[in-house]
Amino acid sequence: MLYKEPEDGEKIRFDKGKWITPNKPIILYIEGDGIGPEITNAAIKVINKAVEKAYKSSREIEWLEIYAGEKAYRLTGDRFPKETQDMLLKYRVVLKGPLETQIGKGWKSVNVAIRLMLDLYANIRPVKYIQGLESPLKNPEKVDMIIFRENTDDLYRGIEYPFNSEEAKKIRDFLRNELKVEVEDDTGIGIKVISKYKTQRITRLAIQYAIEHKRRKITVMHKGNVMKYTEGAFREWAYEVALNEYRDFIVTEEEINQGKSANGKIIMNDRIADNMFQQIIIRPEEYDIILAPNVNGDYISDAAGALIGNIGMLGGANIGDEGGMFEAIHGTAPKYAGKNVANPTGIIKSGELMLRWMGWNEAADLIEKAIDLAIKEKKVTQDIARFMGVSPLGTKEYADELVKIMDTL
Ligand code: NAP
């Protein structure tokens, strides 16, 4: 048996997408590859401190480590063992360090496998400027966006075959013979799928989030002018949900252009994907919630992250109706592995998001404040210190600094 489940603590439960968090929830964590173990353990230390400071002993997280990636391979010969999958299916909430995936070969992404297994259909990435960071923008304080990226459809679904496989040959034959579309014999095949059901459920989540958090705008990012029946349909289905199910809360940009007033309602508009990249640089203040299919959402997250100066600072949540996986945007940064230099803020911010989804906002607020103060005081890791011209803290020392700051709050 790979795991000994905690005797104390309870599972987080879900009721129609709402989280029911006990006072002692069992939460899984995966250390991850590369810099993963260092940043994940730093995050756990900071999260535990925030919970202790906010709730004394009345609330506490019971952490349970599960193995995936390199560590799982070392222990079991499998990067995503069945026992790990069973734990994920049982407990459904996990803080995850980055996991390595190879380019153009090798094993399938464990990150994607977990998202699909728990049906974590929304990848939510807040991108908000933190005072003191060096940004390429003149007015970075205007950056306050949240990206809602569809997680389970589109090209990353993994319906993909090498050019010389039997499957690719069958698909090429089908295209030629049935649809009269010519494709060269040396063509690898990847299939883009975007469904109405999946588009509409993430649209609902984004709109509900906008209503609950008083956000002012939702922009659908798509390339529907070219990919009409996938990305164009994404746009159409998103508007359909907004106007059929949330009419009282939504006004479209088109209606505003025709003279209607927003009157406190959420403005819904859409932009073509390539345009979005220049828009968020030139006019970041005009973008608030960005709702995107999987691939667009992936690209725009890093671009938006760059606006605040450092993608290492960004946290992310993968949310479904029954579960959540919380992970930083960045990857395993292998050149920094084991050197105690990586910035753990991304996964700490992911932990902050996890606490918010659990309804433990007081603890989440403490983490947010501690990070803001650390940056203001230039207590930062090397990736930021090099721009500030100050000497850097190590990963561990930075986490200790956040703990120390929380003591003063
Ligand atoms: P990456 O690991 O994010 O690293 C790219 C660069 O970003 C690093 O060289 C470093 O830049 C900087 N960086 C990222 N995280 C940092 C941190 N916490 N602290 C300081 N600097 C940080 O991207 P990659 O090299 O493209 O990907 C490496 C592996 O990670 C791949 O196997 C990829 O598949 C995987 N990955 C996993 C996830 C996930 O688990 N969700 C996500 C993305 C990528 P400088 O060189 O400028 O210092």
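These numbered points describe a sheet, one of its buried residues and a pocket in a predicted model.

1. The sheet. An open sheet is built from 11 strands, and their pairing is mixed. The strand order is β4-β3-β5-β15-β14-β6-β7-β13-β10-β12-β11. At the edges stand β4 (62–65) and β11 (250–252); each has a single partner strand, so one side of each has no neighbour in the sheet. On average, neighbouring strands are turned by 25° against each other, with direction ignored.

2. The β4 edge. Strand β3 (residues 26–30) runs parallel to β4, and four bridges join the two. Within this pairing, Tyr 29 has Glu 65 of β4 as its bridge partner.

3. A helix on the sheet. The helix α11 packs on the sheet and touches β3, β4, β5 (93–96), β6, β14 and β15 (323–328). The direction of α11 makes about 40° with that of β14.

4. Strand β6 and its partners. Seven bridges pair β6 with β7 in the antiparallel sense. One bridge partner pair here is Lys 128 with Asp 144, the latter in β7. β6 also runs antiparallel to β14, to which three bridges join it. On that side, Asn 123 stands opposite Asn 318 of β14. Five of the seven residues of β6 are buried, so the strand is largely enclosed by the rest of the structure.

5. Ile 147. This residue lies in strand β7. Is Ile 147 buried or exposed? Its relative accessibility is 0%, and buried means under 20%, so Ile 147 counts as buried. Beyond its neighbours within four places in sequence, Ile 147 is in contact with Asn 123, Ile 124, Arg 125, Val 127, Ile 290, Gly 297, Ile 300, Ser 301 and Ala 304. Pro 22, by comparison, is 125 residues from Ile 147 in sequence and 29 Å away in space, C-alpha to C-alpha.

6. The second largest pocket. Its volume is about 1,100 Å³. The lining of this pocket consists of 38 residues, and Tyr 209, His 213, Leu 353, Arg 356 and Trp 357 lie nearest the centre. Sorted by class, the lining has 16 nonpolar, seven polar and 15 charged residues.

7. Where the lining comes from. Which element gives the most to the lining of the second largest pocket? It is α6, with six residues. Elements that each supply at least two residues include the strands β2 (18–20), β6 (122–128), β7 (144–150) and β14 (315–320). The helices α6 (196–212), α11 (345–358) and α12 (361–376) also each supply at least two.

Methods. Residues numbered from 1 in each chain as written. Predicted model: local features only at pLDDT ≥ 70, side-chain atom pairs only at ≥ 80, totals over all residues. Heavy atoms only, no water. 1 Å grid on protein atoms, 1.4 Å probe; cavity = no way out; pocket = protein on both sides within 12 Å on 5 of 7 lines; lining within 4 Å. Points joined across faces, edges and corners; volume = space filled by probe spheres on them. Nonpolar A, V, L, I, M, F, W, Y, C, P; charged D, E, K, R; others polar. Pairing = 2+ DSSP bridges. Axes fitted to C-alpha atoms, helices over the stretch in contact; angles between N-to-C directions. Contact = heavy atoms within 4.5 Å. Buried < 20%, exposed > 50% of the residue type's maximum accessible area, 1.4 Å probe, protein only.
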